[in-house]
Amino acid sequence: MCEYKLVVLGSGGMGKSALTVQFVQGNFVEKYDPMVEDFYRKQVEVDCQQCMLKILNTAGTEQFTSMRDLYMKNGQGFALVYSTRGPSTFNDFQDLREQILQVKDTEDVPIILVGNKCDLEDERVVGKEQGQNLARQWCNCAFLESSAKSKININEVFYDLVRQINRKTPVEKKKPKQKSCLLL
């Protein structure tokens with residue numbers, strides 16, 4: 001079974017934890033509880049392949065930015081999460097993406113841009129088109145809007161990253177004992 005190390009990044013209060021907990025445990029976390037980082041594991045099947053996802057849900061506060069280089073170096077795929085209710089968080093992503101590319105020393109990094117809280121349409125400040133445009137500017141980066149509360153596109157965020165990683169480093173299917181997987 002292949003293992004994938006996925007990293008969830010974004011500012012505090014954007015719903016990174018709610019998104020991750022909804023995916024891993026299937027429940028919605030109503031209360032925001034700032035943390036340094038949380039680590040989750042979940043076995044899933046993506047495209048008929050069993051996968052062990054190791055998900056690092058990072059802190060969104062600035063005091064922990066020194067830890068980001070380590071997250072970025074070890075991570076294989078990155079979910080950049082912003083709130084559709086907060087334009088300031090959306091605008092912070094260019095620097096974050098550049099940092100990921102610099103640490104990974106390549107332009108070809110599995111990244112998905114995620115506009116979270118899309119169920120709160122009456123509170124929306126960042127339009128879907130803005131997210132799509134930013135993803136296009138990033139060489140057609142993957143983009144989804146999600147809602148942890150309404151269970152919209154939760155699995156798709158993580159499955160898309162697995163598919164991107166597999167496209168970059170295909171799994172050899174002929175000899176299962178010698179899979180060319182990226183292991184931690």
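## Close-up views of strand β5, the cores and the cysteines

**A. Gly-115 of β5 meets its bridge partner in β6, Glu-145.** This view, like the others here, comes from a predicted model. Strand β5 covers residues 111-116 and strand β6 residues 142-146. The two strands pair in the parallel sense, with five bridges between them. On the β4 side, Gly-115 is also the bridge partner of Tyr-82. Strand β4 (residues 77-83) runs parallel to β5 and is joined to it by six bridges.

**B. Both sides of β5 are covered.** In a regular strand, side chains alternate between the two faces of the sheet. Here Ile-111, Leu-113 and Gly-115 point one way from β5, while Ile-112, Val-114 and Asn-116 point the other way. Whichever way they point, all of these residues are buried, which makes six buried residues out of six in the strand.

**C. A helix links β5 to β6 in a right-handed unit.** Follow the chain from β5 through helix α5 (residues 128-137) and on to β6 to trace this β-α-β unit.

**D. Leu-53 sits in the largest nonpolar core, which has 30 residues.** Along with Leu-53, the residues with the most contacts inside this core are Phe-23, Ile-55 and Phe-158. Strands β1 (2-9), β2 (37-46), β3 (49-58), β4, β5 and β6 each give two or more residues to the core, as do helices α1 (16-25) and α6 (154-168). Helix α6 gives the most, with seven residues. Zoom in on Leu-53 and, leaving aside residues up to four places away in sequence, you will find that it touches Tyr-4, Leu-6, Phe-23, Tyr-40, Arg-41, Lys-42, Val-44, Phe-158 and Val-162.

**E. A second core of 22 residues is separate from the largest one.** Among its members are Met-72, Leu-80, Leu-113 and Ala-135. Leu-113 may look familiar from view B, where it points the same way from β5 as Ile-111 and Gly-115.

**F. The cysteines form zero disulfides.** A disulfide is a covalent bond between the sulfur atoms of two cysteines. Why does Cys-139 not bond to Cys-141? The sulfur of Cys-141 is the closest cysteine sulfur to that of Cys-139, but the two are 9.2 Å apart, so they are too far for a bond; the cut-off is 2.5 Å. Cys-139 is exposed, with a relative accessible area of 64%. Cys-48 is exposed too, and its relative accessible area is 73%.

Terms used: Residues numbered from 1 in each chain as written. Predicted model: local features only at pLDDT ≥ 70, side-chain atom pairs only at ≥ 80, totals over all residues. Heavy atoms only, no water. Buried < 20%, exposed > 50% of the residue type's maximum accessible area, 1.4 Å probe, protein only. Helix = DSSP H or I, 4+ residues; strand = E, 2+ residues; numbered from the N terminus. Pairing = 2+ DSSP bridges. Right-handed = clockwise from strand over helix to strand, strands pointing away. Core = buried A, V, L, I, M, F, W, Y, C linked by side-chain atoms within 4.5 Å. Contact = heavy atoms within 4.5 Å.
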